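Thank you all for coming. I would like to walk slowly through one structure this morning, so please have the picture open as I speak.

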Amino acid sequence: MKMRTVKEFLDGAKELTLLIGNKAFLDSWTSTSITQEQIDNHKGKHANYGWKLGPRDFVLDIDPRNGGDESLKQLCKDLNIKLLPTVVTPRGGWHIYLTIPDKFKDYSFKKSNKKYPGIDFLRQGHQVPIPGSTRDVGVYKWYDEDFGCLYQPMAEDSLLELVAYNSREVEDFGITSSSHWSETKVREMLDKLDPSMPYSEWLSVAMALKNWDDELGRELFEEWSKDGET
């Protein structure tokens, strides 16, 4: 089943990477393209494949162990939308595959929203194991075992607005504009930004906080950036 699914992703112009379990096998996987030969020769226990999310790909990773199932119900209720699982994960969670519409193509997205614990909002720069991948605790499977396939409906605007930000918001956190902000204002701005943002933007935030208050700024930066993947 896994190789059939590999072909489905490749035929759908999706890029894959090599995994062991759910972890990347290659250190530089985000910038390394794998060959068909590498795919064919990737063998061994829990030798899996990850879907490298592209600029229009958006995946909700629901973890019930951290309250993700209840958060998903609340999210759908709050936004009056319906989100159907695409993949069941080995620990009883779900991946929900979606597409980012054109109007959000230049935006970046935060990985989480504090109101909905147990939900990760994944986009370009992340990977998810494809169905058929295995771990010690189980297998990634299509939610619909009979008709499951690579299908990505368009994400609702209201969903993306929960976690979207653009480069202008980083610019608003600039060295000059932040110099007279209160701690409350700084914390409010940091809450809007994703610590997994591109390095150049992440560095701009660090410089702005240092300029704002050398000691407290460093503390807030470390607190904010610890959840990032930069």
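Let me begin with a small question: which residue stands opposite Trp94 in E6? The residue that stands opposite Trp94 is Ile62. Before going further, I should say that this is a predicted model, so please keep that in mind throughout.

Let me stay with that pair of strands for a moment. E4 and E6 run antiparallel, and 6 bridges join them. For those who are new to this, strands of a sheet pair through backbone hydrogen bonds, and the pairing may be either parallel or antiparallel. E6 also pairs with strand E5, residues 87–88, again in the antiparallel sense, this time over 2 bridges, and here His95 in E6 is the bridge partner of Val87. E5 and E6 form a hairpin, with 5 residues between them, and in the turn Gly92 has a positive phi of about 85°.

Now please look at the side chains of E6. In a regular strand the side chains alternate between the two faces of the sheet. In E6, Trp94, Ile96 and Leu98 point one way, while His95, Tyr97 and Thr99 point the other way, and all of them are buried. Put as a count, 6 of the 6 residues of E6 are buried, and the strand is mostly covered.

This brings me to the interior. The largest nonpolar core has 23 residues, and those with the most contacts inside it are Phe58, Leu60, Leu83 and Leu159. Strand E4 (57–62), helix H3 (68–79), strand E6 (94–99), strand E8 (119–122) and helix H4 (157–161) are the elements that give two or more residues to this core, and H3 gives the most, with 4 residues. If we leave out residues up to four places away in sequence, Leu60 touches a list of residues that includes Leu75, Leu83, Trp94, Ile96, Phe121 and Leu159. Apart from this core lies another one, of 18 residues, among them Ile39, Leu53, Val128 and Ile130.

Val128 leads us to a second region, an open sheet of 4 strands in the order E2-E1-E3-E9, with antiparallel pairing. Its edge strands are E2 (23–24) and E9 (127–129), each of which pairs on one side only. Strand E3, residues 47–52, pairs with E9 over 3 bridges, and Val128 in E9 is the bridge partner of Trp51. Helix H1, residues 2–11, lies across strand E1 (15–20) and E3, and runs at about 20° to E3.

Is Leu16, in that region, buried or exposed? Leu16 has its place in strand E1, and it counts as buried because its relative accessibility is 2%, where the cut-off for buried is under 20%. Again not counting residues up to four places away in sequence, Leu16 touches, among others, Val6, Phe9, Leu10, Trp51 and Ile130.

Finally, let us turn to two helices. H6 (residues 183–192) and H7 (residues 199–212) pack with their axes 12 Å apart, at an angle of about 175°, which means that H6 is roughly antiparallel to H7. In this contact, Glu183, Val186 and Leu190 in H6 meet Val205, Leu209 and Trp212 in H7, and these residues divide into 5 nonpolar, no polar and 1 charged.

Technical notes. Residues are numbered from 1 along each chain as its sequence is written. This is a predicted model: local features need pLDDT of at least 70, side-chain atom pairs count only at pLDDT 80 or more; totals for chains, interfaces and linings use all residues. Side-chain values use heavy atoms; hydrogens and water are left out. Two strands pair if DSSP finds at least two bridges between them. Contact means heavy atoms within 4.5 Å. Axes are lines fitted to C-alpha atoms, for helices over the stretch in contact, and angles run from 0 to 180 degrees between N-to-C directions. Angles under 35 degrees count as roughly parallel, over 145 as roughly antiparallel, 65 to 115 as roughly perpendicular and the rest as oblique. Ala, Val, Leu, Ile, Met, Phe, Trp, Tyr, Cys and Pro count as nonpolar, Asp, Glu, Lys and Arg as charged, and the others, Gly among them, as polar. A nonpolar core is a set of buried Ala, Val, Leu, Ile, Met, Phe, Trp, Tyr and Cys residues joined through side-chain atoms within 4.5 Å. Buried means under 20% relative accessible area, exposed over 50%, partly exposed in between (1.4 Å probe, protein chains only).
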